[in-house]
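User: Please take a close look at a single part of this model, and describe how it is paired and what packs around it.

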Amino acid sequence: MRTWKWMFTAALLVSVSAAGQQPVESQPSTQPDATTAAQTAPTTSASDAQPSAPGSQAQAGTAPAPTPSALPQPVTMDQVVDRFIEREHGLMKALSTRTPVVETYLQNLTADPQLGPVPSADHYFLGRMDMGESVDRKDYLKEQDKGMETRLMGGFHKLFKVQYQPLGFSWMVYADRTDFDRSHYDFHYIRREFLGDVRSLVFDVTPKKGSGKGRFQGRVWVEDQDYNIVRLNGTYAPAPKNSYFFHMDSWRLNLIPGYWVPAYIYSEEGDFSAGVKNKMAFKAQTRIWGYDLKKGDKDDELTQIRVDSVKDETPAQQDASPLQAERQWQQQAEDNVVERLTRAGLVAPEGDVDHILQTVVNNLEVTNNIDLPRPVRTRVLLTAPLETFSVGNTIVISRGLIDVLPDEASLAAVLAHELAHIVLGHNLGSKYAFNDRMLFSDDSTYNNLGFRHIPEEETAADKKAVDLLNNSPYAQKLDNVGLFLKALQARAPQLNALLTTHLGNSMASNGRIDRLSALATKGPALDNNKLDQVAALPLGGRVKVNPWDDKAEMVKTAPVAITSARDKMPFEVTPFYPRLARYGASTTPSAAPATAAANSTPGSN
């Protein structure tokens, strides 16, 4: 009964499994009925130990649990199945206390004779997922959360309108949250296959007859060392009446010893063959990060050795002048905001991508003889919408915007706009120097923070940015900036969610790109038939994020030849295909989604 109650409220248009209850034993002696299975406690084993952040130590007096690789190795395929079923339940238990950030960006598709399936509209969901028994979530975007229960039920009444429920995409992290066992599924070995550096065993998984609705049906890849599932590909079946289960390709990364944690999910529906009428057609990327967000705070505070910087305490330096006090106040607000956004999982910790961005900013400053009293810093917003803003002397640029920029000159143009705000003294956010204004929950971040300039300041910043670019090393490459803005304008009416900013000023208004409009007229006309004209990249081609610790770094991919206009895919969603590697290997696990354009990385020469 509990299972059907959940299915009635959450199965709408999503891929889900059964109700969020305790997993059953991996190898029951007899097939339990639904009531018995729901009440059976999971088997406790050494392999179910909670994961810890890399480098953390076990508590004093606690014997370390044996690693999965220390267990007897399976010698038959039946034993392999038993092992990865056990490991899957161990993963669910290990992640049950985690509340990572989950982001889904979805593009509805329509057919274009020249470009194939192209975006016709888009949707964006961002929240924090509770990976406990219920796999619940809290949305950062409150407008998506209004009337949630009504929207969950709406699909059973509004039969001719597809509604997307973000929770369903979150459920794709597991094959079956409650009943992943031999009593409900058949497992058929297919072959061995390498996924990156990891050799895996491939199994087809089909639900047994009469096992219930919403069961996983598809294929799993199991790494051959500890026998964890590293990839799931398929759907859920059968679906309740008047609802859909989407197809999904779900990937995991080995970010902590012994466990492969869910990181990326690609979903796609639609058939554009001749004569086929689609009830729905879309592509969607779901990214999960911030698993370790709430670890290592107050519990570790007294176990860490901190060395305070030495300060000059001479009497002549104890009091600040009014101007110095103003700047210190702005610095305090700036630090508060960056720290709070980082703690919420929205801004990446300082890292390699920041250094690349900083190099571009330095190029603009040096060539324009800009000498500011405090250095300009750069940070990466981990979300997909195309967004920039500045607080104090820190410029924040979104991962999605870095992804789609075709070259360093386009990156410089985006950063020049925010640098212009700083140079012109358009300081925002000083009110956040009061620490009580930082006391809010993560899911209300967007309601409590905002850094939008008035139109007059935006106009002045655009004008100043053009001057900075004209005096910079990028002056001869501004045609590329013009092409990027033209490509963005061409897709703007269909990409409202991607262009909707949540902290800073939007690059567009009423479907028109108004950021750096003076540069939009530069360069040749936009021509999709010119294969060497790459005005913008697909999403996911530049920056990868470590889902455990949120660190961002640039994707390093080999150039790929473009053979048709359909290969360009500007601003579009593409599948994930990460090169898998084991924890501690020389190759860091990374996500390198299929990216058509062959361009240099921003910041490189």
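Analyst: Val391 has Thr394, in strand 13, as its bridge partner. Strand 13 (residues 394-398) runs antiparallel to strand 12, and 4 bridges join the two; pairing requires at least two DSSP bridges between strands. The model is predicted, with local features requiring pLDDT of at least 70 and side-chain atom pairs pLDDT 80 or more, whereas totals for chains, interfaces and linings use all residues. Residues are numbered from 1 along each chain as its sequence is written, and side-chain values use heavy atoms, without hydrogens and water.

These strands belong to an open, mixed sheet of 3 strands, ordered 11-13-12. Its edges are strand 11 (377-381) and strand 12 (388-391), each paired on one side only. Neighbouring strands are turned by 25° against each other on average, direction ignored. Helix 6 (residues 322-343) packs on the sheet and touches strand 11, strand 12 and strand 13, its direction making about 25° with that of strand 11. Contact here means heavy atoms within 4.5 Å; axes are lines fitted to C-alpha atoms, for helices over the stretch in contact, and angles between N-to-C directions run from 0 to 180 degrees. Helices (H or I, at least four residues) and strands (E, at least two) are DSSP runs, numbered from the N terminus.

Helix 7 (residues 352-367) lies across strand 11 and strand 13, at about 135° to strand 11. Helix 7 is also one of the elements against which the buried residues (under 20% relative accessible area, 1.4 Å probe, protein chains only) of helix 11 pack.
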